[in-house]
Amino acid sequence: MEQTIEQKLKALFDLQTVHTKVDKIRQIRGELPMEVADLEDDVAGLETRIQKIKNELDDLEDEIVTRKNLIRDAQANTKKYETQLNEVKNNREYDAISKEIEIQGLDIQVSEKKIREFGFEITSKTQIYDKALADLEARKSDLDAKKAELGTITAETEKEENELNIQAEKATQNIEERLLIAYNRLRENAKNGLAVVTIQRDSCSGCFNQIPPQRQSDIRQRKKIIVCEHCGRILVDEQMGVEEEQTA
């Protein structure tokens, strides 16, 4: 059965009324869901960073062990060459073995220098690691607090919001697709989520621009769908708002 314009306007206004109640519930939660999401990202980022630093520290410790082994081998080689030096039979052998002893000494110096550098780097990275751990604990504490706060608010409003969402779903069934698409587009574009608004004090209650008397008269007749010339919202007369309150 074809709806009258008045019925279409009433269906749109009813849907807006339900959505406005849902919006108010979500406003109570405010920025908490976003804050929780941001803190979760921070925690994940810090955990990744901490693991990266830990891997780097492990690599540095391995490098130190490797260098210490090189020093031990070089020292063993030096002793071996020093023993051979006492058994040389000519200057050529003596120079060759002396050169090997010198090379082993240089290798030891390089490894000792590297060990010192790795030690400084470990000290620096350990400080960064400890700070990141402290930051992680602080973020986790903040996250737990925000989650608890959000959980409390959600528990208090979840039942009401679910009931309102069911009402909204039922209300959409009374609205033709063309109007519903326009309504949803208006809601998405409006900061306050209002797609259907009443006349208040001779003005659009969405953007507060004045509505000419003749246009107000047309709106009150409910014979055609009229939108605000300034913001594009669908306009209904103030009496429809009163009727809605009386019905509720």
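**View 1. The main nonpolar core of this predicted model, built around α2 and α3.** The largest nonpolar core here holds 22 residues. A nonpolar core is a set of buried Ala, Val, Leu, Ile, Met, Phe, Trp, Tyr and Cys residues joined through side-chain atoms within 4.5 Å. Buried is used for anything under 20% relative accessible area, exposed for over 50%, and partly exposed for what falls in between (1.4 Å probe, protein chains only). Those with the most contacts inside the core are Ile 50, Leu 57, Ile 64, Ile 122, Tyr 129, Leu 136 and Leu 143. Two or more residues each come from α2 (32-85) and α3, and α2 gives the largest share, with 12 residues. Helices (H or I, at least four residues) and strands (E, at least two) are DSSP runs, numbered from the N terminus. A second, separate core has 21 residues, and Leu 15, Leu 186, Val 236 and Met 240 are among them. As for the ground rules, residues are numbered from 1 along each chain as its sequence is written, and side-chain values use heavy atoms, with hydrogens and water left out. Because the model is predicted, local features need pLDDT of at least 70 and side-chain atom pairs count only at pLDDT 80 or more, while totals for chains, interfaces and linings use all residues.

**View 2. Tyr 129 and Leu 136, two of the core residues with the most contacts.** Tyr 129 sits in helix α3 and is buried, with a relative accessible area of 18%. Contact here means heavy atoms within 4.5 Å. Setting aside neighbours within four places in sequence, Tyr 129 is in contact with Ile 50, Ile 53, Lys 54 and Leu 57. Take Ile 50: in sequence, Tyr 129 is 79 residues away from it, yet the two are 6.2 Å apart in space, C-alpha to C-alpha. Leu 136, with the same neighbours-within-four exclusion, is in contact with Val 43, Leu 46, Glu 47 and Ile 50. Ile 50 therefore turns up in the contacts of Tyr 129 and in those of Leu 136.

**View 3. Thr 78, a buried residue of α2.** Look for Thr 78 in helix α2. Its relative accessible area is 13%, so Thr 78 counts as buried. Beyond its neighbours within four places in sequence, Thr 78 is in contact with Ile 101 and Gln 104.

**View 4. Helix α3, capped at one end and bent at Thr 157.** Helix α3 runs over residues 91-172 and has 82 residues. Its end C-alpha atoms are only 104 Å apart, short of the 122 Å a straight helix would reach at 1.5 Å a residue; that expected span is 1.5 Å times one less than the number of residues. At Thr 157, α3 bends by about 45°, the bend being the angle between axes fitted to the seven residues ending there and the seven starting there. Asn 90 caps the N-terminal end of α3, with a side-chain oxygen 3.2 Å from the backbone nitrogen of Arg 92.

**View 5. The open sheet, ordered β2-β1-β4-β3.** This sheet has 4 strands and mixed pairing; two strands pair if DSSP finds at least two bridges between them. At the edges are β2 (203-204) and β3 (226-227), each pairing on one side only. Strand β1 (residues 196-200) runs parallel to β4 (residues 234-236), joined by 3 bridges, and Thr 198 stands opposite Val 236 in β4. With β2, strand β1 pairs in the antiparallel sense over 2 bridges; Gln 200 has Ser 203 in β2 as its bridge partner. Most of β1 is covered, with 4 of its 5 residues buried.

**View 6. Two arginines with positive phi, Arg 201 and Arg 222.** Arg 201 lies in the turn of the β1-β2 hairpin, which has 2 residues between the strands. Its phi is positive, about 55°, although Arg 201 is not a glycine. Arg 201 is exposed, at 82% relative accessible area. Arg 222 has a positive phi near 55° too and is found in the loop between α5 (213-221) and β3. Arg 222, though, is buried, with a relative accessible area of 11%.

**View 7. Cys 231 in the loop between β3 and β4.** Cys 231 is partly exposed, at 26% relative accessibility. Not counting residues up to four places away in sequence, Cys 231 touches Cys 204 and Cys 207. Phe 208 is 23 residues from Cys 231 in sequence and 9.4 Å away in space, C-alpha to C-alpha.

Definitions and conventions. Polar contact = N/O pair within 3.5 Å; in protein donor to acceptor, adjacent residues only side chain to side chain.
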